[in-house]
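Thanks for asking me to look this one over. Here are my notes, written to be read with the model open beside them.

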Amino acid sequence: MFAADSASRSLGIELLDAGDGSASARMQVGPSMVNGHDIAHGGYLFLLADTAFACACNSHGPMTVASGAEISFVAAARLGDELTAVAEERTRYGRNGIYDVTVYRESATGREVVAEFRGRSRTIAREGDTR
């Protein structure tokens, strides 16, 4: 799925790992990603988290999409920051799922959380379907 995600890939998002309800992705904040306050625009942070979420919820096989998501911005990200998003499945029930994603950057003192994202998924294709 990620190989066909031109939106994420065009921003330089790199898929680090994906499998069995989890995924991680990385992105560096570039000049076109900062807003008028000289901090990373929240939409880009959401997109990074959403990419990890999408890879995690699609790791089971059938086509799965977001049915909703929300994000809490914890700290500002700045130009040049390398951000990592780690998605973890919390539960799946029927065709639905709940996933939490933490977006962070590494610093001299360790991981600094930038955002927390919760995504809700809905499987729309059965196992083996190609659409």
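The numbered points below go through the core, the strand pairs, the loops, the salt bridges and the surface.

1. A word on the model. What you have here is a predicted model, so please read each point below with that in mind.

2. The nonpolar core. A good place to begin is the largest nonpolar core, which has 26 residues. Leu-48, Ala-77, Leu-83, Val-101 and Val-103 are the members that touch the most other members. Two or more residues come from each of strand E2 (22–28), helix H2 (42–57), strand E4 (82–93), strand E5 (96–107) and strand E6 (110–123). Helix H2 gives the largest share, eight residues. As a general reminder, nonpolar side chains in soluble globular proteins tend to be buried together.

3. Leu-48 in detail. If you centre the view on Leu-48, which residues does Leu-48 touch, not counting those up to four places away in sequence? The answer is Ile-13, Ala-25, Arg-26, Met-27, Leu-83, Ala-85 and Val-103. Of these, Leu-83 and Val-103 also appear among the core members that touch the most others. Arg-26 will come back in point 7, where it takes part in a salt bridge with Glu-14.

4. The pairing of E1, E2 and E4. Strands E1 and E2 run antiparallel and are joined by five bridges. One of the partnerships to look for is Gly-19 with Ser-22 of E2. E2 also pairs with E4, again in the antiparallel sense, over seven bridges. Here you can pick out Ala-23, whose bridge partner in E4 is Ala-87. When you follow side chains along these strands, recall that in a regular strand they alternate between the two faces of the sheet.

5. The turn at Asp-20. Asp-20 is in the loop between strand E1 (14–19) and E2. The hairpin of these strands has two residues between them, and Asp-20 takes a positive phi near 45° there. Asp-20 is not a glycine, so I would draw your eye to that positive value. Is Asp-20 buried or exposed? Its relative accessibility is 67%, so Asp-20 counts as exposed.

6. A second positive phi. Asp-38 also has a positive phi, near 65°, and is likewise a residue other than glycine. You will find Asp-38 in the loop between E2 and H2.

7. The salt bridge between E1 and E2. The structure holds eight salt bridges. In one of them, Glu-14 meets Arg-26, with the closest N and O atoms 3.1 Å apart. Glu-14 belongs to strand E1 and Arg-26 to strand E2, so this pair links parts of the chain 12 residues apart. Both residues are partly exposed: Glu-14 has a relative accessible area of 38%, and Arg-26 has one of 24%.

8. The network around Asp-100. Asp-100 is worth a slower look. Its salt bridge with Arg-90 has its closest N and O atoms 2.8 Å apart. Asp-100 lies in E5 and Arg-90 in E4, so this contact ties together parts that are 10 residues apart in sequence. Asp-100 also meets Arg-118 in a salt bridge, at 2.6 Å from N to O. That pair links strand E6, where Arg-118 lies, with strand E5, and the two residues are 18 apart. Through shared partners, Glu-88, Arg-90, Asp-100 and Arg-118 are joined into one network.

9. Exposure within that network. Asp-100 has a relative accessible area of 17%, and because the cut-off for buried is under 20%, Asp-100 counts as buried. Its two arginine partners are partly exposed: Arg-90 at 45% and Arg-118 at 35%.

10. A nonpolar surface patch. Which residues make the nonpolar surface patch of about 230 Å²? They are Met-63, Val-65 and Ile-124. Val-65 is found in strand E3 (residues 64–73). With a relative accessible area of 34%, Val-65 is partly exposed.

11. Helix H1. Finally, please look at Ala-7, which lies in helix H1 (residues 6–10). Ala-7 counts as partly exposed, at 44% relative accessibility. Ala-7 and Thr-51 are 44 residues apart in sequence, and their C-alpha atoms are 9.4 Å apart in space.

Terms used:
Residues are numbered from 1 along each chain as its sequence is written. This is a predicted model: local features need pLDDT of at least 70, side-chain atom pairs count only at pLDDT 80 or more; totals for chains, interfaces and linings use all residues. Side-chain values use heavy atoms; hydrogens and water are left out. A nonpolar core is a set of buried Ala, Val, Leu, Ile, Met, Phe, Trp, Tyr and Cys residues joined through side-chain atoms within 4.5 Å. Buried means under 20% relative accessible area, exposed over 50%, partly exposed in between (1.4 Å probe, protein chains only). Helices (H or I, at least four residues) and strands (E, at least two) are DSSP runs, numbered from the N terminus. Contact means heavy atoms within 4.5 Å. Patches are made of residues with over 30% relative accessible area and no salt bridge: like charges are joined within 9 Å, nonpolar side chains (Val, Leu, Ile, Met, Phe, Trp, Tyr) within 5 Å. Accessible areas come from the Shrake-Rupley method with a 1.4 Å probe; for residues, only the protein chains shown count as cover. A salt bridge is a side-chain nitrogen of Lys or Arg within 4 Å of a carboxyl oxygen of Asp or Glu. Two strands pair if DSSP finds at least two bridges between them.
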